[in-house]
Amino acid sequence: MSLEQLLQYTFSGITNGSIYVIVAIGYNIIYNTTGIINFAQGEFLMLGGMISISFASIMPLPMAMLLAVIITALVGALIDFIFIRRMKKPSVLNMVIVTIGISILIRELALHIWDEKVRSLPYFTGDGTTSIKILGAYISPQVLWVLGISAVIVVCLNLFFKFTTLGRSMRACSSNRTAARLCGINAKNMVSFSFMLSAAAGAVAGIIVSPITQTQYDCGTSLAIKGFAVAIIGGLGNSTGALAGGILIGLLEAFSISILPLAYKDAVSIAVLLLILFFRPGGLFTRKEMTALKEF
C-alpha cells in the first residue's frame, strides 16, 4: 500500500468515524440523563438532512440548516412529551421497544413526506469534483467541514456539561435524580432538554454529511447502528471513550476495503460490537473511575 493510499484510507476513516462519534454522543446525552438508550437517534440525522434540503430550495442554505436543527430539536422534545413522560416506571425492555417504535414511526412519516428519492445538500465549498491534495491524497473540502464541525460539537458539548449550570444539572439528574430534585432541579425538564440537545446534535451530523453520503428516508438506520456500536465500545455514558471508539471503527471500516469486498464494510462495526459485548461488556475504553463518575 502506497503512502497516498494510506492517507486516503485514513482521511476516509476519520471522516466516517467523526459522524459515528456525534451519533454516539447523542446516545450518551440521553442515557446519562435518563438511563434510556434512544434507538431513534439515527432518525434525527435523517430529519436534519431532509428538512434542510427542503428549506434550501426556498431560502439561503445557512438559514435552512439552522431551521432544520431547531425543528429537529423540537421533534426530540415532542418525543419526550408524548411518549417518554407518559410511561410510569418503565422497564429497560419497554423503553427499548418504545424507542424502536418511535424510530419506525418517524421513518414511515418521512417516507410519506419525502418519498424514496435520494436527495443531498449542495457542497459547502466547491462541488462534487472539487478536491484538495494533502501529501498526495485527494479529499473533498466537505470532508474538512465534517471534521471541523464534528470537533466543534465534541468540544462545545464537553464544555457545556462541565462548566454550565444547565449541563451540571443534567449530570446531577444522571447521578441521582432524587437528590437532584431535592436541590431544586426539575428532572423532567432536564430529560426534555437532553432529547432536544441529542436531536440537535444528530441534525447537525445529518446536515454536514448529506453532500457526501446523500440523504434518504431510511439513511438514519445504518448510522444509528454504527453510532450505537461506538457508544458501546467507548462505554455507555463515556463520550471520551466514544471519541476514540468512533475513530477506531471508522479506520477499521476504511482499511477493511483493502482486504475485504466492499459489501462487508458495514459488517465491520457489528463484528467489533459483538466482540466487545462478549469479552468486555463495559466498553473498551471504560475505566472503573469513569463508570463511577459517569463523566460527561
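In the predicted model, Asp115 is found in the loop between α4 and β1. The phi angle of this residue is near 60°, a positive value in a residue other than glycine. Asp115 is partly exposed, with a relative accessible area of 37%. A positive phi also occurs at Gln214, where the angle is about 70° although the residue is not a glycine. Gln214 belongs to the loop between α8 and α9, and its relative accessible area of 42% places Gln214 in the partly exposed class.

The helix α4 contains His112. With a relative accessible area of 68%, His112 is exposed. The C-alpha atoms of His112 and Tyr217 are 9.2 Å apart in space, while the two residues are 105 residues apart in sequence.

Aromatic contacts were examined next. The structure holds 7 aromatic pairs. A pair of aromatic rings is described by the distance of the centres and the angle of the planes. For Phe39 and Phe228, the ring centres are 5.2 Å apart and the planes stand at 55°, so the pair is tilted; the tilted class covers angles that are neither under 30 degrees, as in stacked pairs, nor over 60, as in edge-to-face pairs. Phe39 lies in the loop between α1 (3-34) and α2 (41-56), whereas Phe228 lies in helix α9 (residues 220-234), so the pair ties together parts that are 189 residues apart in sequence. The two partners fall into separate accessibility classes: Phe39 is partly exposed at a relative accessible area of 23%, and Phe228 counts as buried at 18%, the limit for burial being under 20%. Together with Tyr27, the residues Phe39 and Phe228 form one aromatic cluster.

Another aromatic pair is formed by Phe124 and Trp145. This pair is edge-to-face, with 5.5 Å from centre to centre and 80° between the planes. Phe124 is placed in the loop between α4 (92-114) and β1 (132-134) and Trp145 in helix α5 (residues 141-163), so that the pair links distant parts of the chain, 21 residues apart. The relative accessible area of Trp145 is 37%, and this residue is accordingly partly exposed.

The packing of α1 was described through its contacts with two other helices, α6 and α8. The axes of α1 and helix α6 (residues 165-175) come within 6 Å and cross at roughly 60°. That crossing angle makes α1 oblique to α6. On the α1 side the contact involves Ile29, Asn32 and Thr33, which meet Met170, Cys173 and Ser174 in α6. The residues of this contact divide into 3 nonpolar, 3 polar and no charged.

The axes of α1 and α8 come within 9 Å, with a crossing angle of roughly 175°. The two helices are therefore roughly antiparallel to each other, a class that requires an angle over 145 degrees. In this contact, Ile19, Ile22, Gly26, Ile29, Ile30, Thr33 and Thr34 in α1 meet residues of α8, among them Met190, Val191, Ser194, Phe195, Leu197 and Ser198. Further α8 residues in the contact include Ala201, Ala205, Ile208 and Val209. The contact of α1 with α8 comprises 12 nonpolar and 5 polar residues and no charged ones. Ile29 and Thr33 of α1 take part in the contact with α6 and also in the contact with α8.

The largest nonpolar core has 41 residues, of which Ile19, Ile29, Leu157 and Phe161 touch the most other members. Two or more residues are given to this core by each of α1, α5, α6, α8 (187-213), α9, α10 (239-256) and α11 (267-279). The most is given by α1, with 9 residues. A second, separate core of 28 residues includes Met46, Ala73, Met95 and Phe195. Phe195 of this second core is also one of the α8 residues that meet α1.

Outside these helices, Ile259 lies in the loop between α10 and α11. Ile259 is exposed, with a relative accessible area of 70%. Ile19, one of the residues that touch the most other members of the largest nonpolar core, is 240 residues from Ile259 in sequence and 23 Å from Ile259 in space, C-alpha to C-alpha.

Note on methods
Residues numbered from 1 in each chain as written. Predicted model: local features only at pLDDT ≥ 70, side-chain atom pairs only at ≥ 80, totals over all residues. Heavy atoms only, no water. Phe/Tyr/Trp six-rings, centres within 6.5 Å; stacked < 30°, edge-to-face > 60°. Helix = DSSP H or I, 4+ residues; strand = E, 2+ residues; numbered from the N terminus. Buried < 20%, exposed > 50% of the residue type's maximum accessible area, 1.4 Å probe, protein only. Axes fitted to C-alpha atoms, helices over the stretch in contact; angles between N-to-C directions. Parallel < 35°, antiparallel > 145°, perpendicular 65-115°, else oblique. Contact = heavy atoms within 4.5 Å. Nonpolar A, V, L, I, M, F, W, Y, C, P; charged D, E, K, R; others polar. Core = buried A, V, L, I, M, F, W, Y, C linked by side-chain atoms within 4.5 Å.
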